[in-house]
Amino acid sequence: MIIIITGIITEYNPFHKGHKYHLENAKIDTEADSVVCVMSGNFMQRGIPALIDKWKRTEMALKNGVDLILELPLVYSMSSAETFAFGSVSLLNSLGVIDYLYFGSEEGNIDSITKISDTLVCEPKEYRTILKKYLNQGLPFHLSRANALEDYLKSDNIKEILSNSNNILGIEYIKALKSLDSNIMAKTLKRKGSSYNDKNLDSLFSSATSIRNSLRNNSIESIKDALTTASYEIIHDLSCSNYRFVFEEDMFKYIKYKLLTNGNTLSNLPDISEGLDNKILKELLNSNSLEELILNSKSKRYTYTRINRILAQSFLNLENYDLLKLSKEIAPYARVLGFNSKGRNILKNIKENSNVNIITKVPRNTLCDHLRIDILGTKAYSILNPSINPMDDYLKSPIII
């Protein structure tokens, strides 16, 4: 009997009805018997802490139908789209059992996304010549690339595709599959409802951003219709137990203290260039919130997200690690956060078909830097969320349902 296993890459911050729609379609469109999820831990790709810790989000995922949840190492989870995608795909590929990668995109057409990915991976001579022409005209790289892709592929909707965050991630997923020479097949689902950064709840599918925003400003009842029953029950129970939901602004006072007392560490982060560290330190004196600091520091060249990520990396003391080197390495382990009975069987299949290091209990020593950074992330997160023990990575076992 052939068993089909589909992989998905998520943050679930928190798991909502849009995620349920994606998960159900993943099972239908790929005829999957089981779904493996690679999920960000306690910090997200855009440089924000998770609303709810990774173990509770794992419980949500399992109760909503995911079979096995693996943690995406923080080195990748809080990085650029390219690095986020490479780390996630390399982890799925290393398992040796994944048949499909299923992701949401605004485009919804896998052929369009694949053509762009193929061009960017292979960089044909004609494409490089066109790209050089636009760069010589003084256009910024992202616009030169979009123009060159439109000319080379003879398509007039490339800029529209490249303007949407999930399309960009999808392109990077396929690039990663190709660079790894993976046998995993990619499929995509056209997104419905709000875009990821919409701050208002939607009548169809609300974004995770809007759910977090509403929870911060209103009662828990305000988000009930945006969540699945299982997710709402978990969040409701947490609120009744005085659990501390975490928002990005909670980092500001710690970031401010660190940069005021040790600002020279900023220059050691890989995303810092051309005096950006000096700009941030200058604007820190004029800012009374994290959002204000980011808005004062951002520019056309340095986006809101990039600065948000830099500040979060500083909060985590990641300047002490060679992030550039680590981010280019294939994910060195599969850290198990939770599973059900199907997930247990998948773990057995992984052990039979792969040499990947499966971690269900974090060792006290002989850690690689990727895992050290994951543990550091939990310790830092515990400062923002007192419900979390800073040593939980050592103390907690996978969630089993």
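**Notebook: burial, ring pairs and strand pairing**

Val38 counts as buried, at 0% relative accessibility. I note at the outset that the model is predicted.

**Entry 1. Val38**

I located Val38 in strand S2. I then listed the contacts of Val38, leaving out residues up to four places away in sequence. Val38 touches Ile8, Ile9 and Thr10, then Leu70 and Leu72, and finally Ser88, Leu91 and Leu92. I also looked up the separation of Val38 from Tyr102, which is 64 residues away along the chain. Their C-alpha atoms are separated by 12 Å.

**Entry 2. Aromatic pairs around Phe43**

How many aromatic pairs does the count come to? I recorded eight aromatic pairs. The ring centres of Phe43 and Phe315 are 6.3 Å apart and the planes stand at 55°, so I entered this pair as tilted. The pair links distant parts of the chain, its members being 272 residues apart. Phe43 is in the loop between strand S2 (34-40) and helix H2 (54-63), and Phe315 is in helix H15 (residues 304-315).

I checked burial for both rings. Phe43 is buried, with a relative accessible area of 0%. Phe315 is buried as well, with a relative accessible area of 11%. The cut-off for buried is under 20%, so both values qualify.

Phe43 also forms an aromatic pair with Tyr381. Here the centres are 6.1 Å apart and the planes are at 85°, which I entered as edge-to-face. Tyr381 lies in helix H18 (residues 369-384) and Phe43 in the loop between S2 and H2, so this pair ties together parts that are 338 residues apart in sequence. Both Phe43 and Tyr381 are buried.

Which residues form one aromatic cluster with Phe43? I noted Tyr254, Phe315 and Tyr381.

**Entry 3. Charges over rings**

I looked for charged ends placed over aromatic rings. The charged end of Lys133 sits over the ring of Tyr134, at 4.6 Å from the ring centre. The charged end of Arg364 sits over the ring of Tyr394, at 4.3 Å from the ring centre.

**Entry 4. Ile375 and Tyr394**

Tyr394 came up again when I turned to Ile375. Ile375 has its place in helix H18. Is Ile375 buried or exposed? I found Ile375 buried, with a relative accessible area of 4%. Setting aside neighbours within four places in sequence, I recorded contacts of Ile375 with Val362, Leu367, Asp393 and Tyr394. Ile375 and Tyr394 are 19 residues apart in sequence, and their C-alpha atoms are 8.5 Å apart in space.

**Entry 5. Strand S6 and its partners**

I examined strand S6 (residues 333-339) next. Seven of its seven residues are buried, so S6 is largely enclosed by the rest of the structure.

I then went through the strands paired with S6. Strand S3 (residues 68-72) is joined to S6 by four bridges, and the two run antiparallel. Leu68 has Phe339 in S6 as its bridge partner.

Strand S7 (residues 357-359) is joined to S6 by three bridges, in a parallel arrangement. Tyr333 stands opposite Asn357 in S7. I followed the chain from S6 to S7 and found that it crosses through helix H17 (residues 341-353). This β-α-β crossover is right-handed.

Strand S8 (residues 399-400) pairs with S6 in the parallel sense, over two bridges. Gly338 stands opposite Ile399 in S8.

**Entry 6. Helix H10**

How many of the ten residues of helix H10 are buried? I recorded eight, and accordingly entered H10 (residues 208-217) as mostly covered. The buried residues are Ala208, Thr209, Ser210, Ile211, Arg212, Asn213, Ser214 and Leu215.

**Entry 7. Cysteines**

I searched for disulfides and the count came to zero. I then looked up the accessibility of two cysteines. Cys122 is exposed, with a relative accessible area of 60%. Cys240 also counts as exposed, at 55% relative accessibility. The cut-off for exposed is over 50%, so both cysteines qualify.

Methods
Residues are numbered from 1 along each chain as its sequence is written. This is a predicted model: local features need pLDDT of at least 70, side-chain atom pairs count only at pLDDT 80 or more; totals for chains, interfaces and linings use all residues. Side-chain values use heavy atoms; hydrogens and water are left out. Rings of Phe, Tyr and Trp (its six-membered ring) pair if their centres lie within 6.5 Å; planes under 30 degrees apart count as stacked, over 60 as edge-to-face and the rest as tilted. Buried means under 20% relative accessible area, exposed over 50%, partly exposed in between (1.4 Å probe, protein chains only). A charge sits over a ring if NZ of Lys or CZ of Arg is within 6 Å of the ring centre and within 35 degrees of the ring normal. Contact means heavy atoms within 4.5 Å. A disulfide is a pair of cysteine sulfur atoms within 2.5 Å. Two strands pair if DSSP finds at least two bridges between them. A crossover is right-handed if, with the strands pointing away from the viewer, the path from the first strand over the helix to the second runs clockwise.
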